[in-house]
Amino acid sequence: MNQILLEVQNLTKHFPVTKGLIITRQVAAVRAVDGIDFTISKGETLGLVGESGCGKTTVAKLILRLERATRGRILFEGTDLDQISGVMLRNYRRAVQAVLQDPYSSLSPRMKVGNFIAEPLIVNDSVPKKAVNERVQELLGLVELPTGSGELYPHQFSGGQRQRIALARALALNPRLIVLDEPISALDVSIRAQMMNLLRDIQERFKLSYLLIAHDLVVILHMSNRVAVMYLGKIVEIAQSEEFYQHCLHPYSQALFSAALPSLPDEKHEAIVLVGDVPSPLNPPAGCRFHTRCRSVKPICSVEEPSLKEVASGHWVACHID
C-alpha cells in the first residue's frame, strides 16, 4: 500500500464579502472551496481538473499556506498544518514547493537566473558560496538548460526555458511535493511534450509527488496517476487515470472528456455541449451544484446534495444517477 504524503479532510475556504466603508459587515461569502477530501501518496501525481473559477488555484494556495482554511484539515505526513509553526513550518515550506503558470511574474528582470535559483539555498541554508554555485549548475543541468544560463537575465529566455528556471528553483531545497499550477498552459504546443517529459523524468529520479492543476484533461490524463474532477468548489469524481479514461461517470466529467482532443485521429467521442454558465460561488445552487447544466438531471438533484461514494475500487463519484 502506498504511503500517504498529503491528506486533505473537509477542506473549506470561504472568502467574506463585506459592505460598508467605516463600519463593515459581512453580507455574503464566496464559497471557493467547499468541503473536499483527497490524498496524495509518495511518488504519485494527482491531477486536479476543472473549469476556470472552480477553486483549483485556491486549493493550491491552501496547501502552500498562502491562504488559511475556513474549515477542514491538511495533514502532511500525518501532521496537521494548523498545529505547526516556527522550525516545523519552515521545514514544511522547504518540503512543498510550487511551479506556477506564469514564471515570468516571479522572476525579477534585474536578477540573474543563477541568483534566482540560488536564493532559496542562501535564505534557508548556511552553504558556502562555492557549494551554492555548484548546486545551481547541477540544477541547470537537471532541467536541461546550458551551463552559462545562470549569468543571463529572464528576458533572454523563452517561455519554456523560464518554466524550466522556475522548476530548477523549486527543486533547490529537495522538496517532496511540488504543486504544479497550470505549468504548461502558457507554453507553445511544440514544447509542451518536452516539459511534460522533463517533469516525469525528474519525478521518477527523485521520487517526488505532484499535485498537477490544469483545465486541460489531456494533460491531466497523460501526467497523472489519479484524476480528481472539481466543479464549483466540490470534487465530483476521483479515479485512477486509466479507469477514468475508460469509464468516467459523472456528467460533468463526461462533458470534459468529450471536449478533450481524442488520443488517436480516428477515435470518436460523443460531443456533449453544456448549456449555460457556471453558477456564482456566491450563491451556488441547492442540491447538486451541476444540476443546472446537467442533461441527465433528476428531481432529487435540485434538492439533495450527492455525497462522494465509491462505485468501484478507488473510483469515487458524487452523483444521483445510477
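**Exercise 1.** State what share of the 322 residues of the chain counts as buried.

*Solution.* Begin with the criterion, in which buried means under 20% relative accessible area, determined with a 1.4 Å probe and protein chains only. By that criterion, 46% of the 322 residues of the chain count as buried. The coordinates are those of a predicted model, in which local features need pLDDT of at least 70 and side-chain atom pairs count only at pLDDT 80 or more, whereas totals for chains, interfaces and linings use all residues. Residues are numbered from 1 along each chain as its sequence is written, and side-chain values use heavy atoms, with hydrogens and water left out.

**Exercise 2.** Determine where Ile165 lies, whether it is buried or exposed, and which residues it touches.

*Solution.* First, locate Ile165 in helix H5, which covers residues 159-171; helices here are DSSP runs of H or I with at least four residues, and strands are runs of E with at least two, numbered from the N terminus. Next, take the relative accessible area of Ile165, which is 0%, so Ile165 is buried. Finally, list its contacts, meaning heavy atoms within 4.5 Å: leaving aside residues up to four places away in sequence, Ile165 touches Leu107, Val113, Phe116, Ile117, Leu145 and Phe157.

**Exercise 3.** Establish how much of the contact set in the chain joins residues 24 or more positions apart.

*Solution.* Restrict the set to contacts with a separation of 6 or more; residues 24 or more positions apart then account for 65% of these contacts. Separation in sequence can also be set beside distance for a single pair, since Ile165 and Ser313 are 148 residues apart in sequence and 39 Å apart in space, C-alpha to C-alpha.

Key. Buried means under 20% relative accessible area, exposed over 50%, partly exposed in between (1.4 Å probe, protein chains only).
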